[in-house]
Amino acid sequence: MAESPVAVFDRLVRQDASGSTPVLFDTACVLGGSVAGLLAARILADHATEVLVIERDEADVTGRARAGVPHDRQAHVVMPGGLALMERWLPGITEEMRENGGVLVTPDGMDLFVDGVEQVRTGEGRMLLSSRPFLESALRRRVLGLPNVSAVTAQVTGLVYRGDAVSAVRYVEADSEDILPVDFTVDAMGRSSSLSDWLDEAGYSRPYQQRTETGIHYATAVFGGTATDTDRRLTSLQYPRFAGPGGLAAGMVVPIEDDLRMVGLLVYGGNRPPGSIEEFRALCDRLPAPFGRAAAGVVVRDVLRFRQATSIRRDFGGLTRFPARVVSVGDAAVSLNARYAQGVSSAALHAACLADYLAHDPDPALPAERFFASQKVATDAVWDPSTSADAVRTDILRGVAADEESEQQRSAMEQLAQAALTDRTTADACQAVRFVLAHPDTLADPALIERAVAVNQRASTPS
Ligand SMILES: Cc1cc2nc3c(=O)[nH]c(=O)nc-3n(C[C@H](O)[C@H](O)[C@H](O)COP(=O)(O)OP(=O)(O)OC[C@H]3O[C@@H](n4cnc5c(N)ncnc54)[C@H](O)[C@@H]3O)c2cc1C
């Protein structure tokens with residue numbers, strides 16, 4: 001009997017690090033040395049004599065922002081699911097990041113407001129809060145510190161194929177082109193990955209690509225000044241259906257390394273987030289106290305805006321003609337609405353899919369179908385909740401009615417979201433999905449939905 005998505009997801013997140021690690025390849029190559037590429041390199045290190053990471057930006061372990069990743073000036077929250085996977089493959093990294101100044105919070109250190117109402121504190125696990133260069137440099141130090149992993153600064157320009165398998169990687173280093181023979185290749189070139197074009201040019205099937213509108217605009221600024229324990233809490237505001245003050249869809253105060261606070265304000269559609277520090281502070285003053293307090297601090301980095309118009313996913317499974325010995329991970333496979341802070345955890349899940357695939361005696365002459373099947377489960381688990389939440393908002397804005405099935409699902413989700421504000425059991429279940437610890441199908445449990453309906457009915461019955 002086929003494994004259910006819930007069972008596949010559980011297997012991926014709870015996978016044992018000491019699983020089977022046969023050495024399958026002489027040389028494995030990772031294209032792109034950011035979060036997803038580094039995690040993939042960590043997995044490949046168990047299965048290849050040598051792993052080479054090709055990254056166009058200068059390798060840097062000091063935590064500077066870099067050109068290839070424009071979103072790296074934004075704070076990054078690593079959800080408990082993603083952090084637990086990183087810890088499994090790089091034991092001690094969580095404590096190392098904490099010692100170096102990264103902030104770890106449990107749900108007790110987090111205040112979540114939904115449509116202005118504070119949600120009951122709940123959930124398991126720890127989150128890491130830091131700047132993006134901080135996270136990436138910690139991963140880079142650990143992964144490039146492995147004896148069989150190295151990196152080269154170069155631009156990947158294409159692939160070479162032999163007998164329906166990827167057999168070499170073309171790259172340009174210091175103005176001269178080179179060809180590296182490889183036994184296995186991982187595309188981790190991010191949202192704008194050229195892999196689909198390269199496959200197409202070589203006569204292979206393009207992965208099926210789906211885009212959904214997010215229309216989010218981000219503005220963030222970083223503040224310093226003396227931090228108290230209260231300032232080291234994560235505060236998150238969510239306005240799932242209707243805009244909050246200043247058209248806000250979400251907002252967060254994220255304590256990060258060096259005792260700094262990064263404040264993020266997100267708006268949708270025709271709204272624009274504040275562009276000057278004065279406007280930014282004025283909006284923060286209309287929000288719960290931690291926003292005004294953080295924004296009153298010393299400006300360490302001025303307001304920076306970022307626009308993300310769409311979420312994109314590329315599905316590689318079951319294509320008519322696809323080469324062996326190549327897979328795609330991280331944003332190259334799915335780039336999510338940043339509002340939900342699940343991109344890094346999604347990349348970690350893809351690394352789990354790779355570990356699972358390589359441990360199960362893969363046939364090197366065939367496309368990596370086992371990998372693509374589990375990657376689809378991992379991707380659905382983060383894609384479906386975020387894109388359906390985005391669709392609800394877009395439909396409301398456009399006055400579009402949902403079909404009957406979508407309406408039933410939306411109604412069940414609303415019951416759960418409402419009950420989660422006060423009921424610990426419902427909140428635990430919802431938070432486990434948001435934290436990338438459980439598959440969203442776990443929320444379709446009729447007993448859970450009945451419980452949520454009963455909680456909401458009791459709350460609306462006058463006593
Ligand atoms: C504003 C914003 C905020 C976010 N906040 C969060 C958050 O709080 N939590 C979270 O989990 N996620 C967050 N994300 C998502 C997260 O940043 C991504 O999911 C994550 O960075 C994925 O990393 P990646 O390695 O797949 O891709 P990228 O980080 O985009 O890296 C791709 C790498 O490939 C390299 N590359 C590309 N082409 C080539 C080539 N031809 N040759 C060589 N190298 C190449 C690039 O230089 C780059 O280093 C956010 C995203 C945005 C936009």
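Thr212 is found in strand 13, which spans residues 208-223. The model described here is predicted. Beyond its neighbours within four places in sequence, Thr212 is in contact with Ala309, Thr310, Ser311, Trp383 and Thr387. Asp258 is 46 residues from Thr212 in sequence. In space, the C-alpha atoms of Thr212 and Asp258 are 37 Å apart.

A second strand position is Ala75, in strand 3 (residues 75-78). Ala75 touches Ser130, Val254, Ile256 and Met262, with residues up to four places away in sequence not counted. Ala75 and Glu213 are separated by 138 residues in sequence. Their C-alpha atoms are 22 Å apart.

Helix 9 (residues 343-359) packs with helix 3 (residues 80-89) at an angle of about 45°. The two axes are 8 Å apart. Angles from 65 to 115 degrees count as roughly perpendicular, and those under 35 as roughly parallel. Helix 3 and helix 9 are therefore oblique to each other. Helix 3 passes helix 9 in a left-handed crossing. On the helix 3 side, the contact is made by Gly81, Gly82, Leu85, Met86 and Trp89. Helix 9 contributes Val344, Ser345, Ala348, Leu349, Ala351 and Ala352. By class, this contact of helix 3 with helix 9 has eight nonpolar and three polar residues. No charged residues take part in it.

Helix 9 also packs with helix 1 (residues 5-13). Here the angle is about 90° and the axes are 9 Å apart. Helix 1 is thus roughly perpendicular to helix 9. Phe9, Arg11, Leu12 and Val13 of helix 1 make the contact with Leu349, Ala352, Cys353 and Asp356 of helix 9. Six nonpolar and two charged residues form the contact of helix 1 with helix 9. Polar residues are absent from it. Leu349 and Ala352 of helix 9 are named in the contact with helix 3 and also in the contact with helix 1.

Helix 12 (424-434) and helix 13 (446-460) are joined by a loop that holds Val436. The two helices pack at an angle of about 130°, with their axes 10 Å apart. Helix 12 and helix 13 are therefore oblique to each other. Their crossing is left-handed. Thr425, Thr426 and Ala429 of helix 12 meet Leu448, Arg451 and Ala452 of helix 13 in the contact. The contact of helix 12 with helix 13 has three nonpolar, two polar and one charged residues.

Val436, in the loop between these helices, has a positive phi of about 60° although it is not a glycine. Val436 is buried, with a relative accessible area of 2%. A positive phi also appears at Asp361, with a value near 50°. Asp361 is likewise a residue other than glycine. The place of Asp361 is in the loop between helix 9 and helix 10. Asp361 is exposed, with a relative accessible area of 69%.

Aromatic pairs were then examined. The structure holds nine of them. Phe322 and Phe372 form an edge-to-face pair, 5.5 Å centre to centre, with 90° between the planes. Phe322 lies in the loop between strand 17 (299-315) and strand 18 (326-328), and Phe372 in helix 10 (residues 369-398), so the pair ties together parts that are 50 residues apart in sequence. Phe322 has 7% relative accessibility and counts as buried. Phe372 is buried too, with a relative accessible area of 4%.

The ring centres of Tyr357 and Phe371 are 6.5 Å apart and the planes meet at 70°, so this pair is edge-to-face as well. The pair links distant parts of the chain, with Tyr357 in helix 9 and Phe371 in helix 10, 14 residues apart. Both Tyr357 and Phe371 are buried. Ring pairs link these four residues with Phe25, Phe184 and Phe316 into a cluster: Phe25, Phe184, Phe316, Phe322, Tyr357, Phe371 and Phe372.

Notes:
Residues numbered from 1 in each chain as written. Predicted model: local features only at pLDDT ≥ 70, side-chain atom pairs only at ≥ 80, totals over all residues. Heavy atoms only, no water. Axes fitted to C-alpha atoms, helices over the stretch in contact; angles between N-to-C directions. Helix = DSSP H or I, 4+ residues; strand = E, 2+ residues; numbered from the N terminus. Parallel < 35°, antiparallel > 145°, perpendicular 65-115°, else oblique. Left-handed = near helix turned anticlockwise from the far one by under 90°. Contact = heavy atoms within 4.5 Å. Nonpolar A, V, L, I, M, F, W, Y, C, P; charged D, E, K, R; others polar. Phe/Tyr/Trp six-rings, centres within 6.5 Å; stacked < 30°, edge-to-face > 60°. Buried < 20%, exposed > 50% of the residue type's maximum accessible area, 1.4 Å probe, protein only.
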